[in-house]
Amino acid sequence: GVRPMTETDRRQILSLCNQMSEQALRVLGFAMRTLEHIPGEEDDSVECDLTFVGITGMIDPPRKEVARSVATCQQAGIRTVMIAGDHKVTALAIARELGIYRPGNTVLSGDELDAMSEEDLDAAVGTTTVFSRVSPADKLRIIQSLKRTGEVTAMTGDGVNDAPSLRAADIGVGMGRGGSDVVRGVADIILSDDNFPTLVDATREGRRIYDNICKAVQFLLSSNLSEIITIFTATALGFTVLSPAQILWINLITDTFPALALGLEEAEPDVMSRPPRSLDEKIIGAGEAVEILLQGALVSALVLAAYLGGCVGDFGSIAPQSSGTGMTMAFTCMAMAEIFHSCNMRSRHRSIFSLGTRNPTLALAVAASFVVTAAAVFIPPLRTLFGFAPVSLSQYLFSLALALAVIPAVELGKALRALLSHRRRRGVRRSSAGTQRVAAGTR
């Protein structure tokens, strides 16, 4: 029946609301009032003296794949922050279900946010993963605070009130289906299916593209450097190792197609296990420059060894001198070494035998380059056109064997680099553990 609400009634209702909120339910309250006439639109006295009827909880369940995508983001070093209009308890329950909130994280409501200074917010934003009951101005403050603390921010939104924060973020992501025209106008990226996992897929694709650009650049630079070192060394010693036509062949055939194929390489298995790269990171850093120098010198040494092998065949001596057989063997070695080296560049850090992925385009480019290079060496009209001397099968296989040596040599370099990196990380962990023990002892 209708009776005055007591304090006990109020506590029971609020307790039930909290129980529903903790189950990630959005709670609606119902109340009624009997009126003798229909009120006017400007009558503000209607919503008072109401009789409480009850509450109901409804759920807007997140998609199952979202939790997996959040876990992938965390593995990739991307922190996911939920800004919700829900009640604090409801937002926290949803965040726990998705894995956004973890022990040690904090939750802030709009009221708590309003009471914070910019300095307090900057100190709290690093651990806060859930913001509830926030206003459009609060969203903008959150983005600005994250950027002040050195974070690279991506903000998603669909309503007009999200436009300022989308514009302020480093990457504004607008919803293509449910988003307003204003959001689509200010966003940097439009999400056509309004699906969070699509952002994770886009991140994986972006990392794959960046990796492939680096691989192609390193392959081309190391290949061209090997040609420069080889020609410079031969010129200094007084003989010609490659003719201009042969160099043009290598640049057009054995460099171009493998480099293009590297751009189609699949994402490496650990691409979403790496931390985000620094904004200041260069495509070719100091470490990559050293690798390019070593790889170029390695290929150059193999090519010169092949040339000296031709000198032995022509003159019975390894003394460097003008040799047609040596030029043919050097060309074969350099062309095939660069082709094999393109296989090395399928990964700059991992062994190519542990990738578990395929690149049919690169395999086709390697096979085609192998066939046309062999044709240029063995078919008489092409051999004459490019100035090659006839070589025996054993000499050709010797050149191939030298070229093939680039794969185990680079694999050994990757293994040594991985070993040094592992030891360095283990030393950092030991140092960190020692620091923690000292701090605990002091306290």
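# A guided tour from helix α13 to the salt bridges

The buried residues of helix α13 are Leu362, Ala365, Val366, Ser369, Thr373, Ala374, Ala375, Ala376 and Val377. Select them to begin; please note that the structure on display is a predicted model.

**Stop 1: helices α13 and α12**

With those residues still highlighted, add α10 (244–262), α12 (324–344), α14 (380–385) and α15 (393–404) to the selection: these are the helices against which the buried residues of α13 pack. Next, place a distance label between the C-alpha atoms of residues 360 and 378, the ends of α13. The label should read 27 Å, and this agrees with the span expected for the 19 residues of the helix at 1.5 Å a residue.

Repeat the exercise on α12, one of the packing partners of α13. From its first C-alpha to its last, α12 reaches 30 Å, close to the 30 Å expected for its 21 residues at 1.5 Å a residue. How many residues of α12 are buried? The count is 20 of 21, and the helix is thus mostly covered.

**Stop 2: the sheet β3-β5-β4**

Select strands β3, β5 and β4, which form an open sheet in that order with parallel pairing. The edge strands, each pairing on one side only, are β3 (82–84) and β4 (106–109). On average, and with direction ignored, neighbouring strands here are turned by 15° against each other. Strands of a sheet pair through backbone hydrogen bonds, and the backbone is therefore the part to display at this stop.

Between β3 and β5, which run parallel, there are three bridges. To locate one of the pairings, select Ile83, whose bridge partner in β5 is Phe131. Then add helix α3 (residues 88–98): α3 packs on the sheet and touches β3, β4 and β5, and its direction makes about 140° with that of β5.

**Stop 3: Thr128**

Remain in β5 (residues 128–132) and select Thr128. Is this residue buried or exposed? Thr128 counts as buried because its relative accessibility is 0%, the cut-off for buried being under 20%. Now show the side chain: a polar atom of the Thr128 side chain lies 2.8 Å from the backbone oxygen of Ala124. Expand the selection to the residues that Thr128 touches, leaving aside those up to four places away in sequence; they are Arg79, Val81, Thr106, Val107 and Leu108.

**Stop 4: the sheet β6-β7-β8**

Move to the strands β6, β7 and β8, which form an open sheet in that order, also with parallel pairing. Here the edge strands are β6 (154–157) and β8 (189–191), each of which pairs on one side only. From one strand to the next, the twist averages 25°. Four bridges join β6 to the parallel strand β7 (residues 171–175). Select Gly157 and then Gly174, its bridge partner in β7.

**Stop 5: salt bridges**

The model contains 20 salt bridges. Three pairs and one network are visited here.

- Select Arg148 and Asp122. The closest N and O atoms of this salt bridge are 2.8 Å apart. The pair links distant parts of the chain, with Arg148 in helix α6 (residues 136–148) and Asp122 in helix α5 (residues 118–124), 26 residues apart. Arg148 is partly exposed, with a relative accessible area of 43%, and Asp122 is also partly exposed, at 24%.

- Select Glu205 and Arg208. Their closest N and O atoms are 2.7 Å apart. Both residues lie in helix α9 (residues 196–237), three residues apart, which is about one turn of the helix. Glu205 is partly exposed, with a relative accessible area of 34%, whereas Arg208 is buried, at 16%.

- Select Lys414 and Glu411. The side chains meet in a salt bridge of 3.6 Å, N to O. These residues are separated by about one helical turn because they are three residues apart in helix α16 (residues 406–442). Lys414 is buried, with a relative accessible area of 5%, and Glu411 is buried as well, at 13%.

To finish, select Asp211, Lys215, Glu268, Asp270 and Arg274 together. Which kind of interaction links these five residues? Asp211, Lys215, Glu268, Asp270 and Arg274 are linked in a network of salt bridges.

Key. Residues numbered from 1 in each chain as written. Predicted model: local features only at pLDDT ≥ 70, side-chain atom pairs only at ≥ 80, totals over all residues. Heavy atoms only, no water. Helix = DSSP H or I, 4+ residues; strand = E, 2+ residues; numbered from the N terminus. Expected span 1.5 Å × (residues − 1). Buried < 20%, exposed > 50% of the residue type's maximum accessible area, 1.4 Å probe, protein only. Contact = heavy atoms within 4.5 Å. Polar contact = N/O pair within 3.5 Å; in protein donor to acceptor, adjacent residues only side chain to side chain. Salt bridge = Lys/Arg side-chain N within 4 Å of Asp/Glu carboxyl O. Pairing = 2+ DSSP bridges. Axes fitted to C-alpha atoms, helices over the stretch in contact; angles between N-to-C directions.
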